[in-house]
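Here are my notes for a first reading of this structure, set out as numbered points. Please keep the sequence and the 3D view open as you go through them.

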Amino acid sequence: MSVTSWFLVSSSGTRHRLPREMIFVGRDDCELMLQSRSVDKQHAVINYDPATDEHLLKDLGSLNGTFVNDLRIPDQTYITLKLSDVVRFGYDILLHA
């Protein structure tokens with residue numbers, strides 16, 4: 001098992017530690033809550049794969065989309081996050097570090 005800790009870092013410098021489990025990202029009743037009108041109540045999910053020690057991101061059909069490095073990811077498709085990826089939920093930008 002890896003001892004690496006992964007974080008999402010907001011543009012203001014706030015660090016959100018990514019646990020080794022599935023978390024939901026959204027505006028309401030989620031493990032990672034973003035207070036933005038451009039973020040759906042349940043916007044996306046980040047899942048951890050212990051076999052590869054990677055975090056996988058999936059958009060849950062959100063209105064304003066989920067973006068990795070300015071490219072909108074397809075709904076309901078997992079994308080593997082890499083170090084320094086810039087992730088945007090609607091208009092909220094976070095860095096995978």
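1. I begin with the aromatic rings, where the count of aromatic pairs comes to zero. This is a predicted model, and the rings are still worth a look, since the next point turns to charged side chains that lie over them.

2. Arg-15 lies over the face of Phe-7, at 3.9 Å from the ring centre, and in a second case Arg-88 lies over the face of Phe-67, at 3.8 Å from the ring centre.

3. The first of these rings belongs to a region that can be followed strand by strand: E1, residues 6-10, and E2, residues 15-18, run antiparallel and are joined by four bridges. Within this pairing, Phe-7 stands opposite Arg-17 in E2. Four residues lie between the strands of this hairpin, and Gly-13 takes a positive phi near 95 degrees there.

4. What is the order of the strands in the open sheet of five? Reading across, the order is E4-E3-E5-E6-E9, and the pairing is mixed. Strand E4 (32-33) and strand E9 stand at the edges with a single partner strand each, so one side of each is left without a neighbour in the sheet.

5. Inside that sheet, strand E3 (residues 23-26) and strand E5 (residues 44-49) run antiparallel and are joined by three bridges, with Ile-23 standing opposite Ile-46 in E5.

6. The UniProt record, an unreviewed entry, carries the annotation "domain: FHA" for residues 23-73. Over residues 23-73 the model has 0% helix and 45% strand, and the C-alpha atoms at the two ends are 18 Å apart.

7. Is Ser-62 buried or exposed? Ser-62 is found in the loop between strand E6 (54-59) and strand E7 (66-68), and it counts as buried because its relative accessibility is 4%, where the cut-off for buried is under 20%. The side chain of Ser-62 makes a polar contact of 3.2 Å with the side chain of His-43, and another, of 2.6 Å, with the side chain of Asp-59.

8. Finally, a word on confidence: the mean pLDDT of the protein chain is 90, and 92% of its residues reach 70 or more. Among the elements, strand E9 (residues 79-80) has the highest mean pLDDT, at 97, whereas strand E11 (residues 92-96) has the lowest, at 69. Where pLDDT is low, the predicted coordinates should not be read in detail.

Technical notes:
Residues are numbered from 1 along each chain as its sequence is written. This is a predicted model: local features need pLDDT of at least 70, side-chain atom pairs count only at pLDDT 80 or more; totals for chains, interfaces and linings use all residues. Side-chain values use heavy atoms; hydrogens and water are left out. pLDDT is the predictor's confidence in each residue, from 0 to 100. Rings of Phe, Tyr and Trp (its six-membered ring) pair if their centres lie within 6.5 Å; planes under 30 degrees apart count as stacked, over 60 as edge-to-face and the rest as tilted. A charge sits over a ring if NZ of Lys or CZ of Arg is within 6 Å of the ring centre and within 35 degrees of the ring normal. UniProt positions are given in the numbering used here, feature names are shortened, and annotations may be inferred rather than shown by experiment. Two strands pair if DSSP finds at least two bridges between them. Buried means under 20% relative accessible area, exposed over 50%, partly exposed in between (1.4 Å probe, protein chains only). A polar contact is a pair of N or O atoms within 3.5 Å; within protein, one must be able to donate a hydrogen and the other to accept it, and residues adjacent in sequence count only if both atoms are side-chain atoms.
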